[in-house]
Each structure stands twice: as C-alpha cells, then as structure tokens.
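Thanks for making room for me this morning. I would like to walk you through one model, moving from charged pairs to the packing between helices, so please have a look at it before I begin.

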Amino acid sequence: NLLRQGEPAMTRIMHFGGNHISEFVGSILTLQPQVAEEEKIKMSEAVQPLVSQAISPLAREVRSSIDFFERQQECHVSRAFACGGSACSPSILQFLGDEVGFHIDSWNPIQTLSTAHFNGEGPGLESLAPSLAAAIGAATPHV
C-alpha cells in the first residue's frame with residue numbers, strides 16, 4: 001500500500017511470503033520444509049546470501065511499484081514499512097532494504113494499543129506485532 005498524506009493512493013498485491021524464502025533455501029540446500037524454515041529463522045552466514053537472493057524478485061517488484069507511484073503522483077516516497085512474519089527478522093528487512101534502495105522498518109500495528117492487560121505477555125506480543133498486521137487490520141474498527 002502506498003499512502004499519500006495518510007490516505008491510500010495505490011495498492012498492489014504481490015504474492016510473496018516467507019514460505020517463498022524457505023522454499024528457496026530448502027531447494028538449494030536440499031532440506032525438508034521445516035528444516036529450511038528453521039534455517040531461515042537462524043539466519044546463519046551460509047543461509048544469508050540465499051535469503052538475499054530469494055528476496056531479490058520481491059525487491060524488484062517493490063522498487064518498480066515505488067518508481068511507478070512516484071512518477072504518477074509526482075512525489076517522493078520517504079518511508080517504507082513491512083509486515084508479516086518475515087518482517088520480524090531484522091536481517092530480512094536489511095536485505096530487502098538494500099535491494100530496494102532505502103531503509104525499511106518493521107510495521108508495528110499494535111504500537112498504539114495497550115498490551116498491559118496481557119498478563120505480562122506484552123513484550124512477546126510486541127515482538128510478534130509485524131506478523132499480526134492482517135488480524136489487527138481486520139479486527140480494528142475504522143472510525
């Protein structure tokens with residue numbers, strides 16, 4: 001989603017998720033899906049270049065979308081956020097940002113919500129916040 005002055009101005013759906021990264025890592029290293037997922041999460045030095053390579057097609061599409069938006073809207077995109085399970089990984093965000101050409105932050109859809117009533121589990125919930133974007137968006141009333 002690209003916003004202009006806080007309002008949605010362009011939406012593009014890209015069918016890409018963390019499973020694409022895990023599948024790529026698994027296919028190159030001939031690993032079972034669960035093991036490939038674990039390796040992606042561990043993000044060892046051996047896996048990092050594979051994750052970066054797997055993200056490259058997504059990064060090209062994101063960059064292309066930003067370029068199109070900037071030309072159409074005659075403006076400059078100044079900030080970018082990612083959500084989803086992979087957005088919980090600083091390494092994945094770094095790889096994506098390097099490919100896109102600027103820093104990408106993890107979007108925290110619960111930053112304005114109180115987590116005090118979660119019996120001390122607020123910090124754990126905060127760490128998972130980027131992966132909750134769809135659920136939070138669907139559950140938050142729009143006024």
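Let me start with a question: in which helix do Glu39 and Lys42 lie, and how many residues apart are they? Both of them sit in helix H2, which covers residues 33-42, and they are three residues apart, or about one turn of the helix. Please keep in mind throughout that this is a predicted model, and that every value I quote is computed from it.

Those two residues form a salt bridge, in which the closest N and O atoms of Glu39 and Lys42 are 3.1 Å apart. The two partners differ in their surroundings, because Glu39, with a relative accessible area of 18%, falls under the 20% limit and counts as buried, whereas Lys42, at 57%, is over 50% and counts as exposed.

That pair is one of six salt bridges in the structure. Another one joins Arg12 to Glu61, where the closest N and O atoms are 2.4 Å apart. Here the link runs between distant parts of the chain, since Arg12 belongs to the loop between strand S2 (7-10) and helix H1 (18-29), while Glu61 belongs to helix H3 (residues 48-73), 49 residues apart. Arg12 has a relative accessibility of 37% and is therefore classed as partly exposed, and Glu61, at 34%, is likewise partly exposed.

A third salt bridge to look at is that of Arg63 with Glu70, whose closest N and O atoms are 3.8 Å apart. Salt bridges with shared partners also bring in Asp67, so that Arg63, Asp67 and Glu70 make up one network. Within this network, Arg63 is partly exposed, having a relative accessible area of 22%, but Glu70 is buried, at 16% relative accessibility.

Staying with H3 for a moment, is Ser65 buried or exposed? This residue, which is found in helix H3, has a relative accessibility of 6% and so counts as buried. If we set aside the neighbours within four places in sequence, Ser65 is in contact with Leu2, Met10, Arg12 and Met14. You will recognise Arg12 from that list as the salt-bridge partner of Glu61.

Now to the nonpolar side of the model. The largest nonpolar core has 25 residues, and those with the most contacts inside it are Ile21, Val51, Ile55, Leu96, Val100 and Ile104. Helices H1, H3 and H4, the last of these spanning 90-100, each supply at least two residues of this core, and H3 gives the most, with nine residues. Leu96 is a useful residue to display here: leaving out residues up to four places away in sequence, Leu96 touches Ile55, Leu58, Ala59 and Ile104.

Finally, how do H1 and H2 lie relative to each other, roughly parallel or roughly perpendicular? Their axes come within 8 Å and cross at roughly 105 degrees, and because angles of 65 to 115 degrees count as roughly perpendicular, that is the description that applies to H1 and H2. On the H1 side, the residues that meet H2 are Gly18, Ile21, Ser22, Val25 and Gly26, and their counterparts in H2 are Ala36, Glu37 and Lys40. By class, this contact between H1 and H2 has three nonpolar, three polar and two charged residues. Ile21 therefore appears twice in this account, both among the core residues with the most contacts and in the contact of H1 with H2.

Conventions: Residues are numbered from 1 along each chain as its sequence is written. This is a predicted model: local features need pLDDT of at least 70, side-chain atom pairs count only at pLDDT 80 or more; totals for chains, interfaces and linings use all residues. Side-chain values use heavy atoms; hydrogens and water are left out. A salt bridge is a side-chain nitrogen of Lys or Arg within 4 Å of a carboxyl oxygen of Asp or Glu. Helices (H or I, at least four residues) and strands (E, at least two) are DSSP runs, numbered from the N terminus. Buried means under 20% relative accessible area, exposed over 50%, partly exposed in between (1.4 Å probe, protein chains only). A nonpolar core is a set of buried Ala, Val, Leu, Ile, Met, Phe, Trp, Tyr and Cys residues joined through side-chain atoms within 4.5 Å. Contact means heavy atoms within 4.5 Å. Axes are lines fitted to C-alpha atoms, for helices over the stretch in contact, and angles run from 0 to 180 degrees between N-to-C directions. Angles under 35 degrees count as roughly parallel, over 145 as roughly antiparallel, 65 to 115 as roughly perpendicular and the rest as oblique. Ala, Val, Leu, Ile, Met, Phe, Trp, Tyr, Cys and Pro count as nonpolar, Asp, Glu, Lys and Arg as charged, and the others, Gly among them, as polar.
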